[in-house]
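Welcome to this tour! Please open your viewer, have the selection tool ready, and follow along stop by stop.

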Amino acid sequence: MAIGFKNRALRSAGVVALISAFGTPLLAEEIFIVSGATGSDLQDFPAIVKPWEDKTGNKVTVVPMPSSTSDQFGQYRLWLAAGSSDIDLYQTDVIWAPQLAEHFVDLSEAAKDLIPTEFPSIIQSQTVNGKLVALPIFTDAPALYYRKDLLEKYGVEVPKTWDELTAAAQKIQDGERAAGSADFWGFVWQGNAYEGLTCNALEWIKSFGGGQIVEPDGTISVNNEKAAKALETVKGWVGTISPEGVLAYQEEEARGVWQTGNAAFMRNWPYAYALGNSDDSAVKGKFDVTTLPIGAEGDSSAATLGGWNIAVSKYSKHQDAAISLALYLGGPEAQKMRALMETHLPTIQALYDDADIAAKAPIIPQWKNVFLNAVPRPSAPTLGKYNEVSSKFWSAVHETLAGNGSAADNLAGLEADLTDLKGEAW
Ligand code: GLC
């Protein structure tokens with residue numbers, strides 16, 4: 001990445017000496033944090049971090065990353081493997097803790113007052129062999145977004161099963177196209193070959209009763225009839241209720257179609273709620289959210305557990321300031337700002353009873369039980385191999401959806417690959 005790190009030494013040499021209230025000189029530090037760019041996260045960041053900058057006199061510079069978590073992971077691994085001190089803090093996906101743990105500072109002592117205010121399962125997800133490798137800044141669980149106005153116009157109920165969703169999406173799409181909206185689609189989601197497809201496909205398979213790829217005890221379960229049925233169902237959407245191009249969509253492409261008023265339904269994370277209700281959105285006030293559909297009566301809805309954290313690099317030369325910043329970003333003040341500005345789900349329990357959040361971001365209290373029951377990706381059981389497990393899984397799914405091989409054959413091939421990868425044990 002050529003984002004001007006060479007200037008870091010020069011800039012640090014020019015840091016300002018401040019005088020604290022007690023007359024002791026404080027040296028302002030420049031802290032580099034690396035973060036992905038979904039939604040308005042990067043635009044909002046300066047306002048979120050300002051109280052900490054004002055209090056400490058330090059300055060925070062964000063190094064922007066592509067929005068794909070898979071691309072971020074590849075870049076992070078390069079920096080960390082090289083022991084780079086260019087980056088002080090990394091914004092990390094919930095699934096990465098076991099794979100990156102060795103490069104990060106243990107935050108359990110520094111965060112000892114914050115930890116009891118958090119949901120224990122989230123702290124657990126970032127704890128590897130007793131080490132707290134990252135502090136949660138928000139959690140994530142997706143929703144089915146639907147257009148209230150269009151469901152009413154076409155007299156359709158909020159769908160409970162994927163078949164009902166398919167029928168509703170088709171009906172609304174046919175009607176809107178006949179009325180002149182040539183670019184209108186029934187359902188948009190994330191079909192690109194990346195981590196987001198792993199999330200979508202885990203939801204389809206789990207909600208058809210087909211398990212969770214690799215079970216918590218390490219068993220490879222993905223090659224089964226229910227999983228194949230789920231994938232064949234989704235294949236039927238491509239080019240009918242979903243554009244062919246959905247196989248290249250990540251979160252932001254789906255939101256683009258939805259927010260310009262060109263889709264009846266969307267699968268996306270809660271961040272799309274605030275943006276969908278912004279003043280320049282064509283769907284402002286016209287939509288609501290519900291849980292993702294199920295395969296059939298008796299199945300349960302499945303939402304993949306997502307979420308982001310802040311980790312402090314072991315190679316940082318500004319560790320004290322970096323830890324202080326991590327505590328601020330994971331703390332209640334910053335989390336409340338993110339909830340209000342970005343409808344990101346807090347990880348601090350009390351914020352679910354916060355009156356300002358309930359008024360401005362009603363999806364947050366509404367989504368508490370959804371994320372508490374969300375399905376984790378198999379990153380804990382597959383340890384350092386999760387990234388390979390996920391990329392083999394999303395590739396098999398992508399091939400199936402693109403028409404290259406049947407779901408049954410591709411899942412059988414995937415099972416064989418995962419068995420090789422596992423070897424004696426994960
Ligand atoms: C969201 C989730 C994250 C997931 C990603 C996939 O950012 O929070 O956990 O990996 O989407 O695209």
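Before we set off, here is one sorting rule: Ala, Val, Leu, Ile, Met, Phe, Trp, Tyr, Cys and Pro count as nonpolar, Asp, Glu, Lys and Arg count as charged, and the others, Gly among them, count as polar. Please also keep in mind that you are looking at a predicted model.

**Stop 1: the largest pocket**

Select Ser121, Ser125, Leu305, Pro376 and Ala380, the closest to the centre of the largest pocket among the 32 residues that line it. About 600 Å³ of space lies in this pocket. Now use the sorting rule: the lining has 19 nonpolar, twelve polar and one charged residues.

Next, colour helix H5 (120-125), strand S6 (127-128), S8, S13, helix H16 (368-372) and helix H17 (379-382); each of them supplies at least two residues of the pocket's lining. Where does the largest pocket lie with respect to domain 1 and domain 2? Colour domain 1 (8-133 + 306-372) and domain 2 (143-304 + 379-422) to find out: both give residues to the lining, so the pocket lies between them.

**Stop 2: the largest cavity**

A search of the whole structure finds four cavities of 30 Å³ or more. The largest cavity holds about 310 Å³ of space. To find it, select Thr38, Asp140, Glu251, Trp269 and Trp308, which lie nearest its centre among the 24 residues of its lining.

Then show helix H3 (69-81), strand S5 (89-93), strand S8 (135-140), helix H8 (195-207) and strand S13 (306-312), the elements that give two or more residues to this lining. What is the lining made of, by class? It has seven nonpolar, eleven polar and six charged residues. Since domain 1 and domain 2 both contribute to the lining, this cavity lies between them.

**Stop 3: the sheet of five strands**

Stay with S5, S8 and S13, and add S3 and S4: these five strands form an open sheet in the order S4-S3-S5-S13-S8, with mixed pairing. Look at the edges, where you will find strand S4 (59-64) and S8; each has a single partner strand, so one side of each is left without a neighbour in the sheet. On average, and ignoring direction, neighbouring strands of this sheet are turned by 20° against each other.

Zoom in on S5 and S13, which run antiparallel and are joined by five bridges. Here, Tyr90 stands opposite Ala311 in S13. Now bring back H3, which packs on the sheet and touches strand S3 (30-35), S4, S5 and S13. The direction of H3 makes about 140° with that of S5. Add helix H12 (residues 319-330) too: H12 packs on the sheet, touching S3, S4, S5, S8 and S13, and its direction makes about 155° with that of S13.

**Stop 4: the sheet of four strands**

For the last stop, select S10, S11, S9 and S12, which form an open sheet in the order S10-S11-S9-S12 with mixed pairing. Which strands are at the edges? They are strand S10 (185-188) and strand S12 (287-290), each pairing on one side only.

Four bridges join strand S9 (residues 143-147) to S12, and the two run antiparallel. Pick out Tyr146 and you will see that it stands opposite Asp288 in S12. Finally, show helix H7 (residues 162-178), which lies across S9, S10 and strand S11 (263-268) and runs at about 140° to S10. Helix H10 (residues 251-259) also packs on the sheet, touching S9, S10, S11 and S12, with its direction at about 155° to that of S11.

Note on methods: Residues are numbered from 1 along each chain as its sequence is written. This is a predicted model: local features need pLDDT of at least 70, side-chain atom pairs count only at pLDDT 80 or more; totals for chains, interfaces and linings use all residues. Side-chain values use heavy atoms; hydrogens and water are left out. On a 1 Å grid over the protein atoms alone, a cavity is a set of points where a 1.4 Å probe fits but cannot get out, and a pocket is an open set with protein on both sides within 12 Å along at least five of seven lines; lining residues have an atom within 4 Å of a point. Grid points are joined across faces, edges and corners, and a volume is the space filled by probe spheres set on the points. Domain bounds come from an automatic or database domain assignment. Two strands pair if DSSP finds at least two bridges between them. Axes are lines fitted to C-alpha atoms, for helices over the stretch in contact, and angles run from 0 to 180 degrees between N-to-C directions. Contact means heavy atoms within 4.5 Å.
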